[in-house]
Amino acid sequence: MALSLAVSPCPNDTFVFHALIHGQVPGAPAVDLTFADVDVTNTAAERGDFDLVKVSYAALPWLLDSYELLPCGGALGRGCGPLVLTRDQRTDLTGATVAVPGDRTTAYLLMRLWSAEHPPAKIEVVPFHQIMPGVAAGTFDAGLVIHEARFTYQRYGLTALADLGEWWEADTGLPIPLGAILARKGTVDPAEATGWIRESLRKGWLDPAASQEFILANAQEMEPAVVRQHIELYVNEFTLDLGEDGLAAADALLGRAAAAGLTPAVPAFSAARS
């Protein structure tokens, strides 16, 4: 039977999973691919819709009964955090209407932790591609953006009120945990899935040109230079292995969220690995 896989169409995911999706990983099953934004996959994973799925780290407290976190394939790193964008010179979000890409995204969780002392008045969940135009048009006072928006927001005349990655790293010294890969319990062997994903990633690094057409065909931002920046930023050593720092980052994020009453508490990942 085919392995059901749900990831985003963003360049980091299409780069990492290209070889697996196209049957180029020895011993791996055929893949039934679904592209979806992370807000969609967070909900789909709660229903158990996919065997392997990319979700937000912020959604893990609702998913770990049915899924296991894999130590590879996700999006985690430094200098790659979400941005809070505005078109004016406000200094915080007090009284603001803010557009966010999902209510269980890591970006939104980080924004809630960052803005705890000056929270916005209203949150609106809207499709990612509508956020920057909406802020530029004055529909929203601020917008929370991720991915390639880091490289393009100035085109909309917007400014960055906060780089939540910089804030997180300065506060914790840890990388920022954005997207995680989960394997459905009882359906996928986690060790086997880890091997398939790592081999797919290694093939991508060995021959980057092989996946370029597939990546560009699915990228929301089609400019090759932006796509290249995206991959260089989000596909890194943590994509191959979370390691101690990656697991500590996940523990720190979810530990702070639980302490603030924003998510249910979960066992520490670093303790399970040791």
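Let's start with Asp13 and Ser8, whose side chains sit 2.8 Å apart in a polar contact. Keep in mind that this is a predicted model, and the distances below come from its coordinates.

Asp13 belongs to helix 1, which covers residues 11-21. Leaving aside residues up to four places away in sequence, Asp13 touches Val7, Ser8 and Lys54. Is Asp13 buried or exposed? Asp13 counts as buried because its relative accessibility is 1%, and the cut-off for buried is under 20%.

**Salt bridges**

Lys54 does more than touch Asp13: the two side chains form a salt bridge, with N and O at 2.7 Å. This pair ties together distant parts of the chain, with Asp13 in helix 1 and Lys54 in strand 3 (residues 52-56), 41 residues apart. Lys54 is buried too, at a relative accessible area of 7%. So here is an acidic residue with 1% relative accessible area paired with a lysine at 7%. As general background, side chains of opposite charge can pair when their charged atoms come close.

How many salt bridges does the structure hold? The count is 10, and the table lists some of them, including the Asp13 pair.

| Salt bridge | N to O distance | Separation in sequence |
|---|---|---|
| Asp13 and Lys54 | 2.7 Å | 41 residues |
| Arg256 and Asp171 | 2.5 Å | 85 residues |
| Asp241 and Arg198 | 3.1 Å | 43 residues |

The Arg256 and Asp171 side chains meet in a salt bridge at 2.5 Å. That pair links helix 11 (residues 243-259), home of Arg256, to helix 6, home of Asp171. What about accessibility? Arg256 is partly exposed, with a relative accessible area of 33%, and Asp171 is partly exposed as well, at 44%.

Asp241 and Arg198 also make a salt bridge, their closest N and O atoms being 3.1 Å apart. Here the link runs from the loop between helix 10 (237-240) and helix 11, where Asp241 is found, to Arg198 in helix 7 (residues 190-206). Asp241 is partly exposed, with a relative accessible area of 28%.

**A closer look at helix 6**

Helix 6, which carries Asp171, spans residues 164-172, and its buried residues include Leu164, Gly165, Trp168 and Glu169. Why do these four share a side of helix 6? They cover an arc of only 130 degrees around the axis, so they end up on the same side of the helix. In general, an α-helix has 3.6 residues a turn, so residues three or four places apart point the same way. Glu166 and Ala170 are exposed, and they sit on the face of helix 6 turned away from its buried side.

Now for the two ends of this helix. At the N-terminal end, Asp163 acts as a cap, with a side-chain oxygen 2.9 Å from the backbone nitrogen of Gly165. After the helix comes Gly173, which has a positive phi, near 75 degrees.

**Cysteines**

How many disulfides does the structure hold? The answer is 0. Cys10 is in no disulfide, and the nearest cysteine sulfur, from Cys80, is 13 Å away. A disulfide would need the sulfur atoms within 2.5 Å. Cys10 is buried, with a relative accessible area of 7%. Cys72 is in no disulfide either; for Cys72, the nearest cysteine sulfur is again that of Cys80, at 17 Å. Cys72 is buried as well, with a relative accessible area of 2%.

How values were computed: Residues are numbered from 1 along each chain as its sequence is written. This is a predicted model: local features need pLDDT of at least 70, side-chain atom pairs count only at pLDDT 80 or more; totals for chains, interfaces and linings use all residues. Side-chain values use heavy atoms; hydrogens and water are left out. Buried means under 20% relative accessible area, exposed over 50%, partly exposed in between (1.4 Å probe, protein chains only). A polar contact is a pair of N or O atoms within 3.5 Å; within protein, one must be able to donate a hydrogen and the other to accept it, and residues adjacent in sequence count only if both atoms are side-chain atoms. Contact means heavy atoms within 4.5 Å. The arc is that of the directions from the helix axis to the C-beta atoms. A salt bridge is a side-chain nitrogen of Lys or Arg within 4 Å of a carboxyl oxygen of Asp or Glu.
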